[in-house]
Amino acid sequence: MPFTLYNAPQSTCSQRVRFVLNAKKLPFAEIKLDLLAGDQFKPDYLALNPNGVVPTLRHDGAIVTDSSVIIEYLDEIAPSPVNFTPRDPIARAKMRALMRFIDEVPAASVRVPTYNLAFLPRFAAMSEEEFLAFAESKPLRKEFMLAMGRNGFPQKDMAAAMARLRRAYERMDTEIEKSGGPWLLGSDISLADIAVMPAIVRMADLGQDTAWQDLPRVQRWYAAIRACPAFAPTYYPGSLLTEQFQHLRKAS
Ligand SMILES: N[C@@H](CCC(=O)N[C@@H](CS)C(=O)NCC(=O)O)C(=O)O
């Protein structure tokens, strides 16, 4: 099997790559890292991905990192049976600009509610020394962890993240309206749709889908991406936080 994906079931960045591999019917071996146990900071993994984050793709011995870069790479080397990059260079540029926006706004903002609502009990259970050592070992997100602390991000940071996410839903709505939909760039699904998908799924999983209830175009987009054949194998059991964390499940 030429592809090995180092990833984590619940990792939003990993879900982008799994979706593309599944859609292109590229078989891959999956190595699952336990991110809360710190597998991503082990020397063998840091040698592959010095940022100490997932995903990392190994293709025939070559290493490709960063989910946006990986999905572009896969689309270049395997343009069939489905292709997620428009042919027209202007449309390509538009897709890439949207992907930059997605990485900067929703993909980054979603970490705040994710850590506060899902992961915090794990960190709250650590001693201060354990927590500081864990934060210290993060090459990319040390300051993010320290800003969160063992008590979580303050309400003002949560509100700011939610406001940025709301602007992302509105931006999606505008793009779908401009392009004629149902996808961000029009009639064909593109890497931009796949890039934003995990943030939307995550917010729905955290019970925050009321935030786009007044945006029917986004609702239709969400239904359409969930109906794609690649969606179910991407979100295999254990990929949602509500499946992993008992405290997120509503008492029934
Ligand atoms: N820009 C990177 C970000 C990767 C990233 O933040 N991955 C998260 C999971 S979605 C991670 O590995 N977090 C572990 C950590 O921060 O220690 C990408 O898109 O691949």
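The following exchange examines the cores, the largest pocket and two residues of a predicted model.

Residues are numbered from 1 along each chain as its sequence is written. In this predicted model, local features need pLDDT of at least 70, side-chain atom pairs count only at pLDDT 80 or more, totals for chains, interfaces and linings use all residues, and side-chain values use heavy atoms, with hydrogens and water left out.

Trainee: Which helix gives the most to the largest nonpolar core?

Mentor: A nonpolar core is a set of buried Ala, Val, Leu, Ile, Met, Phe, Trp, Tyr and Cys residues joined through side-chain atoms within 4.5 Å. The largest has 74 residues, of which Phe 19, Leu 74, Phe 123, Trp 212 and Trp 221 touch the most other members. With helices taken as DSSP runs (H or I, at least four residues) numbered from the N terminus, the greatest contribution, 11 residues, comes from helix α10 (residues 191–205).

Trainee: How many residues does the other core, with Leu 33 and Leu 35 among them, hold?

Mentor: This core lies apart from the largest one, and Leu 48 and Val 54 are also among its members. Its residue count is 7.

Trainee: Which element provides the largest share of the lining of the largest pocket?

Mentor: A pocket is an open set of points on a 1 Å grid over the protein atoms alone, where a 1.4 Å probe fits, with protein on both sides within 12 Å along at least five of seven lines; lining residues have an atom within 4 Å of a point. The largest pocket holds about 650 Å³ of space, the volume being that filled by probe spheres set on the points. Of its 32 lining residues, the closest to the centre are Cys 13, Val 53, Val 54, Arg 111 and Arg 141. The largest share, 5 residues, belongs to α6.

Trainee: Is Arg 18 buried or exposed?

Mentor: Arg 18 is placed in helix α1, and its side chain has a polar atom 3.2 Å from the backbone oxygen of Ala 8. Buried means under 20% relative accessible area, exposed over 50%, and partly exposed in between (1.4 Å probe, protein chains only). Because its relative accessible area is 0%, Arg 18 is buried.

Trainee: What does Ala 97 count as in terms of relative accessibility?

Mentor: Ala 97 lies in helix α4 (residues 89–104). Its C-alpha atom is separated by 8.9 Å from that of Ala 192, 95 residues apart along the chain. Because its relative accessibility is 45%, Ala 97 counts as partly exposed.

Terms used
Helix = DSSP H or I, 4+ residues; strand = E, 2+ residues; numbered from the N terminus. Polar contact = N/O pair within 3.5 Å; in protein donor to acceptor, adjacent residues only side chain to side chain.
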